[in-house]
Amino acid sequence: MQTQKLDVHEQPSDGVALADTAISRLRQLSMKLAMAEIDISVFDSMQPLEDDWRALERDNLQSLHQSYDWCAAWVSAFQRPLAILKGTYDGQTAFILPVEIVKSRGLSVAKFIAADHSNINTGLFSESFAESGGSIDADKFAGQLQHALKGQADLLLLQNIPLQWRERQTPLTGLPMVQNQNHAYQLPFHSTFEETLKQLNAKGRRKKFRVQSKRLEAAGGVEYVIPKSSEEQHHLLDTFFRLKSVRFANLGLPDVFADKETRAFLHGLLDKRDDANRYFGLQMHVLRLKGENQGRIAAISGISRKGDHIICQFGAIDEELVPDTSPGEFLYWQTISGLHGKGVALFDFGLGDQTYKRSWAPVETAHYDVVLPVSPFGIVGGAAHRIVTRGKAHIKSRPKLYRFAQGIRARIG
């Protein structure tokens with residue numbers, strides 16, 4: 001186990017009222033005094049950290065994707081080596097960065113656990129560290145992280161981090177970063193579904209819903225279902241894999257859900273939940289047809305919840321059924337309206353710019369990647385990541401060029 005010290009220095013806070021400034025400075029000073037020397041340790045397993053981990057994740061603003069159960073499901077399925085970074089001061093945990101080591105083009109890359117299937121990453125921080133924002137000495141912090149990972153990784157690559165999440169600035173601010181090519185899209189919840197719709201084109205959306213409803217009734221009817229039994233939830237996840245595989249094949253794209261490890265991971269999440277239904281790793285929602293197509297699934301989605309934050313992880317439709325009804329859109333209406341009055345504040349459509357997300361989500365959040373070389377090879381790998389990421393961002397910002405690139409990708413498989 002490796003241990004290093006991290007110093008924190010004071011930076012002034014500005015742009016707020018005088019009283020708030022004084023309170024903020026006192027809080028920062030208290031935090032800095034308490035964090036003058038932080039030990040950074042590296043762990044190769046999750047279990048010794050479970051109690052501290054679960055204590056940190058209770059903070060509503062820490063991402064679901066760094067929760068203990070989410071990470072445990074991934075580790076169980078993939079069995080990759082871990083290099084989890086834990087910061088401690090005076091016996092108290094200051095932060096946990098859940099990191100695994102991934103081999104990529106000859107490099108050992110330290111990434112957030114399950115990064116390939118995460119829509120938002122924050123890391124896990126104590127309240128004082130989480131509120132520190134940009135007051136941490138980023139150069140010293142970077143040096144300590146590099147030293148801790150020396151000999152285990154060539155590059156620390158922490159992806160999809162919002163610089164500010166729900167009015168809290170990430171303590172990772174100041175580390176070397178590049179803006180990720182993908183943004184995420186969110187719908188804030190108001191007191192009622194009607195109030196929430198006012199953020200959107202409510203009149204047009206209600207009209208579209210009425211048209212969809214009439215068409216679905218004409219096709220025999222439909223029911224919105226959230227199965228309660230574990231057995232049916234697992235069965236529906238397999239249905240999603242089948243529908244998505246067909247969709248990817250039709251587009252000439254690789255199936256990102258095809259490997260057995262990813263499927264085992266997602267199946268493992270279905271049974272991760274608390275008794276109060278304030279946390280669940282994955283929950284399947286479906287539109288099930290009636291009439292001549294009785295029992296067939298027109299649309300399906302998987303959502304996750306941590307506190308007041310809902311994340312839509314994926315969705316699919318059966319393209320052979322009721323295609324003129326936009327069943328995927330209809331399912332979102334049912335899901336979002338049904339979540340009102342259940343303590344939800346934010347519905348997150350996740351990463352990726354798609355038309356249906358923009359139609360539902362008035363909030364767009366930019367994400368950033370921490371790119372911190374640990375070895376000389378990591379310098380090269382980090383530079384390559386920056387170039388590729390900026391290139392993808394350039395292409396995605398130009399619709400014609402993006403469609404051309406997608407066409408090439410489809411042709412080469």
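The following paragraphs describe the sheet, two of the helices, the nonpolar core and the cysteines of a predicted model.

The sheet is open and consists of 10 strands, which follow one another in the order S4-S5-S7-S16-S10-S15-S14-S13-S12-S11 with mixed pairing. Its edges are formed by strand S4 (99–104) and strand S11 (222–225), and because each of these has a single partner strand, one side of each is left without a neighbour in the sheet. Averaged over the sheet, and with direction ignored, neighbouring strands are turned by 25° against each other. Within this arrangement, strand S7 (residues 155–161) pairs with strand S16 (residues 363–373) in the antiparallel sense, over five bridges, and Leu-156 is found opposite Leu-372 of S16. Helix H3 (residues 68–78) packs on the sheet, where it touches S4 together with strand S12 (279–289), strand S13 (297–306) and strand S14 (309–317). The direction of H3 makes about 80° with that of S12.

Helix H8 (residues 230–251) comprises 22 residues, for which a span of 32 Å is expected at 1.5 Å a residue; the end C-alpha atoms lie 32 Å apart, and the two values therefore agree. The buried residues of H8 are Gln-233, His-234, Leu-236, Leu-237, Thr-239, Phe-240, Phe-241, Leu-243, Lys-244 and Phe-248, a list that includes polar residues such as Gln-233 and Lys-244 as well as nonpolar ones such as Leu-237 and Phe-240. The cover over these buried residues includes helix H9 (260–269) as well as S12, S13 and S14. After H8 comes Gly-252, which has a positive phi, near 70°.

In soluble globular proteins, nonpolar side chains tend to be buried together. In the present model the largest nonpolar core contains 46 residues, of which Trp-53, Leu-237, Phe-240, Phe-265, Leu-266, Met-284 and Ile-300 touch the most other members. Two or more residues of this core are given by each of helix H2 (50–57), H3, H8, H9, S12, S13 and S14, and the largest share, eight residues, comes from H3. Leu-237 and Phe-240, named above among the core members with the most contacts, also belong to the buried residues of H8.

As regards the cysteines, Cys-71 has a relative accessibility of 0% and therefore counts as buried, and Cys-312, at 4% relative accessibility, likewise counts as buried. With a disulfide taken as a pair of cysteine sulfur atoms within 2.5 Å, the count of disulfides in the model comes to zero.

Methods. Residues are numbered from 1 along each chain as its sequence is written. Side-chain values use heavy atoms; hydrogens and water are left out. Two strands pair if DSSP finds at least two bridges between them. Helices (H or I, at least four residues) and strands (E, at least two) are DSSP runs, numbered from the N terminus. Axes are lines fitted to C-alpha atoms, for helices over the stretch in contact, and angles run from 0 to 180 degrees between N-to-C directions. Contact means heavy atoms within 4.5 Å. The expected span of a helix is 1.5 Å times one less than its number of residues. Buried means under 20% relative accessible area, exposed over 50%, partly exposed in between (1.4 Å probe, protein chains only). A nonpolar core is a set of buried Ala, Val, Leu, Ile, Met, Phe, Trp, Tyr and Cys residues joined through side-chain atoms within 4.5 Å.
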